[in-house]
Amino acid sequence: MEKSKALGILRKSSYKQKNNLSFDIQREKILGLPSAQEYDIEFIEEIESAYHSSASERSGMQEVVEKAINGDYNALFFYEESRVSRQSGSDFVIDIVREIARRKPYFKFYSTSKSGEWDPDSLEVKIKMISSESDSRKISQRVIDTRNTLLGNKKRPGGPPPYGYILVEGKLVPVEHEVPIVNFIFFLAIWGTSNKDISNLLNQCNVPTRSNGNWSPSSIDVILNNHTYIGDYTNGKRKSHSNGARKPKDQFEVIKDFNEPIIPQILWNLVVQVRQLKNDFGMKMRTPFLLRGVIECKKCSEILKCKDNTPTGSKNSYLNYYCDKCKNKISPELVHPEFIKKFIQKILTVLTDSKGYTKQMLKQWEKDLKSKSTDLKHKLDIVEYHRSLLDDSNELFEEWKSALQVTMDSFKEQIELNKEELIKVERLMSNKGFTNLFSIITNSNLSMLRQSELRILVLQFTKRVIIDFIDNEQHIELKSLSL
Ligand SMILES: [Zn+2]
């Protein structure tokens, strides 16, 4: 019997990389897959140019799509997602897989990273690609109990309402004229604006506080960390009454969808991301070294050091990025203009391209979660039914009873976690937050950004910038886009 035809992608990059596998090894791995036995595979070899990082830009990739769509091929094999795309697989999935799957729905994909068929719609792949605020919080029975009692009447226990809300019969209700202020504060924060700068700005604009006093950096900090604004109720966030420090995220109770949210989930997620970036790269966003921590030497694969040799009182500044290993150096003035130009163009493309796709992906994710939930409830029913049939005269009655109870508890916990996940997806999907934020970013004049704003944008989107001291060239690698 004649075998069905398939395509195989073999990839190498033109510049030196630690894990640059030869075509032969990749070919051998692919041919070793069980599913490869069913196909007659035609391999396409591609050497990636260092200057085209998005999969669809590469000519080898265009050849693959062309052949897959127009030829009589039925499957595509590749060596690990990371080899096909430099951006954690996201552009590969978007550009290549979607394009082929749209025209040929029956087309199959196989990766050496998985034994079976590789499904871009699988939850596993999607979660990796989209979830940034990964709260794998364990829900204790205590949380479920609290939720049940509180959610019964949605009344908020104790404490004055936070800025943006008033209490009406024990429930939080948004205050119309304060809602834009809260949004504005979060919006400033995603651009890396410090709490101090935000409070100064509000004071300069005569925006009144609740007590008609002045805004302080700490009052901004309280707002930016308050889950109420995305609709959640938190309990036990502070370490103790005498110690007001916040506990780590997984150690306090969160009750989702407790009150009406006034900021979109995506804005909250971005603020969380920015906070993380500040932790990782240092709080100071206003720096002449825009690429500190992400720029590296091509030859040595070393992160470049930043050195300021400006003598005190000098009018001219003598700044350099330099490589500790090969001692090559370059001034930021020579690197930044080209970088900024390329970078802005790149992120605008990524944002525009991913908008529709992300929405579609969220919809599918929502569907998966709903069906998983139905499935879990069904399983729970079955176990409950079995328990009701248990005969208490049986000598193993107690053992059976407790075993079934453990199973039921585990199902219940999974159902709760699933519900939380679903709430998050639904929030991300709500039109308001999503579309607005995308259009704000894509319509902003990014070349007018301040130093600190540009720095935060660079840290959010850039994986690394590789400098070739010999050819005096730079290559920008973006992170995979996560929301
Ligand atoms: Zn070097």
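**Close-up 1. Strands β5 and β6 pair as an antiparallel hairpin in this predicted model.** Strand β5 covers residues 165–168, and strand β6 covers residues 171–174. The two run antiparallel and are joined by 4 bridges. Ile166 has Val173 of β6 as its bridge partner. The turn of the hairpin leaves 2 residues between the strands. Glu169 sits in this turn, with a positive phi of about 50°.

**Close-up 2. Strands β10, β11 and β12 form an open sheet.** The sheet has 3 strands, in the order β10-β11-β12. Their pairing is antiparallel. β10 (305–308) and β12 (329–330) are the edge strands, each with a single partner strand, so one side of each has no neighbour in the sheet. β11 spans residues 319–322 and is joined to β12 by 2 bridges. Here β11 and β12 run antiparallel. Tyr322 stands opposite Lys329, a residue of β12.

**Close-up 3. Helix α7 crosses helix α10 obliquely.** Helix α7 comprises residues 179–190, and helix α10 comprises residues 265–281. Their axes come within 9 Å of each other. The crossing angle is roughly 40°. Angles of 65 to 115 degrees count as roughly perpendicular and those under 35 as roughly parallel, and α7 and α10 are therefore oblique to each other. The crossing of α7 past α10 is left-handed. On the α7 side, the contact is made by Phe186, Phe187, Ala189 and Ile190. On the α10 side, Leu267, Leu270, Val271 and Val274 take part. By class, this contact of α7 with α10 has 8 nonpolar residues, with no polar and no charged ones.

**Close-up 4. Helices α8 and α9 meet roughly perpendicular to each other.** Helix α8 runs over residues 195–204, and helix α9 over residues 217–224. The two axes come within 8 Å and cross at roughly 110°. The range for roughly perpendicular is 65 to 115 degrees, and α8 and α9 are therefore assigned to that class. From α8, the contact draws on Asn195, Lys196, Ile198 and Ser199. From α9, it draws on Pro217, Ser219, Ile220 and Asp221. The contact of α8 with α9 is mixed by class: 3 residues are nonpolar, 3 are polar and 2 are charged.

Definitions and conventions: Residues numbered from 1 in each chain as written. Predicted model: local features only at pLDDT ≥ 70, side-chain atom pairs only at ≥ 80, totals over all residues. Axes fitted to C-alpha atoms, helices over the stretch in contact; angles between N-to-C directions. Parallel < 35°, antiparallel > 145°, perpendicular 65-115°, else oblique. Left-handed = near helix turned anticlockwise from the far one by under 90°. Contact = placed C-beta atoms within 7 Å. Nonpolar A, V, L, I, M, F, W, Y, C, P; charged D, E, K, R; others polar. Pairing = 2+ DSSP bridges.
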